Amino acid sequence: MYYVYILQSQKDSGFYTGLTKNISRRVREHNGGSVRPTKARRPLMLVYSEKCETRAKARMREKFLKTGEGREFRQGILKSRNIPR
C-alpha cells in the first residue's frame, strides 16, 4: 500500500505533495529536516493523504495533484476542512 500526501508549511503556507509507503515516518523525516525540498519550510502539517494500491497508481495521483486541476481539487479539500490557504 502506498500513500499520496500533501503537507502545508506553517512557515510560508506553501504546499508539498509526495508519496510514500509509511506516511508517519515520512512526515517525521520532513519535519526533522532530512528532506531537502522542505527543510527550510518547517514545521509542516499533514493536510491530506489517500491510499493507493500500487506505486504506479500513487505516482499517477501525485502527478495529478501537481497539475492545475489537482491544485483546484486540493483547494476544495482545504476549504471543506477549514484549513487556511
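Student: What order do the elements of the protein run in, from the N terminus on?

Tutor: They go β-β-α-β-α-α, so count them up and you have three helices and three strands. Keep in mind that this is a predicted model.

Student: What makes the protein as compact as a globular protein of that length?

Tutor: Its radius of gyration is 12 Å, and the globule rule gives 12 Å for 85 residues, so the two are close and the description fits. The C-alpha atoms fill a box of roughly 30 × 25 × 20 Å along the principal axes.

Student: Why is the pair Glu50 and Arg61 called a salt bridge?

Tutor: Check the distance. The closest N and O atoms of Glu50 and Arg61 are 2.9 Å apart, and the cut-off is within 4 Å for a side-chain nitrogen of Lys or Arg and a carboxyl oxygen of Asp or Glu, so the pair qualifies. Glu50 sits in strand β3 (residues 44-52) and Arg61 in helix α2 (residues 55-65), 11 residues apart.

Student: Why is Glu50 buried or exposed?

Tutor: Buried. Glu50 has a relative accessible area of 17%, and buried means under 20%, so that settles it. Arg61 has 22%, which lies between 20% and 50%, so Arg61 is partly exposed.

Student: What about Glu62: which residues does Glu62 form salt bridges with?

Tutor: Arg59, with closest N and O atoms 2.8 Å apart, and Lys66, with closest N and O atoms 3.2 Å apart. Both distances are within 4 Å, so both pairs pass the test. Glu62 and Arg59 both lie in helix α2, three residues apart, about one turn of the helix.

Student: How do you know whether Glu62, Arg59 and Lys66 are buried or partly exposed?

Tutor: Same cut-offs as before. Glu62 has 8% relative accessibility, which is under 20%, so Glu62 counts as buried. Arg59 has 34% and Lys66 has 43%; these values fall between 20% and 50%, so Arg59 and Lys66 are partly exposed.

Student: How many salt bridges does a search of the whole structure find?

Tutor: Seven. There is also a network of salt bridges linking Arg25, Arg26 and Glu29.

Student: How many positive and negative side chains does the protein have?

Tutor: There are 21 positive and 7 negative ones, and the centres of the two sets lie 6 Å apart.

Student: And how much of the protein is made up of buried residues?

Tutor: Buried residues make up 40% of the 85 residues. The accessible surface comes to about 5300 Å², with 49% belonging to carbon and sulfur atoms.

Methods: Residues numbered from 1 in each chain as written. Predicted model: local features only at pLDDT ≥ 70, side-chain atom pairs only at ≥ 80, totals over all residues. Heavy atoms only, no water. Helix = DSSP H or I, 4+ residues; strand = E, 2+ residues; numbered from the N terminus. Buried < 20%, exposed > 50% of the residue type's maximum accessible area, 1.4 Å probe, protein only. Rg over C-alpha atoms; globule rule 2.2 N^0.38 Å. Areas by Shrake-Rupley, 256 points an atom, 1.4 Å probe, with all protein chains shown as cover. Lys, Arg positive; Asp, Glu negative; His and termini not counted. Charge placed at Lys NZ, Arg CZ, Asp CG, Glu CD.
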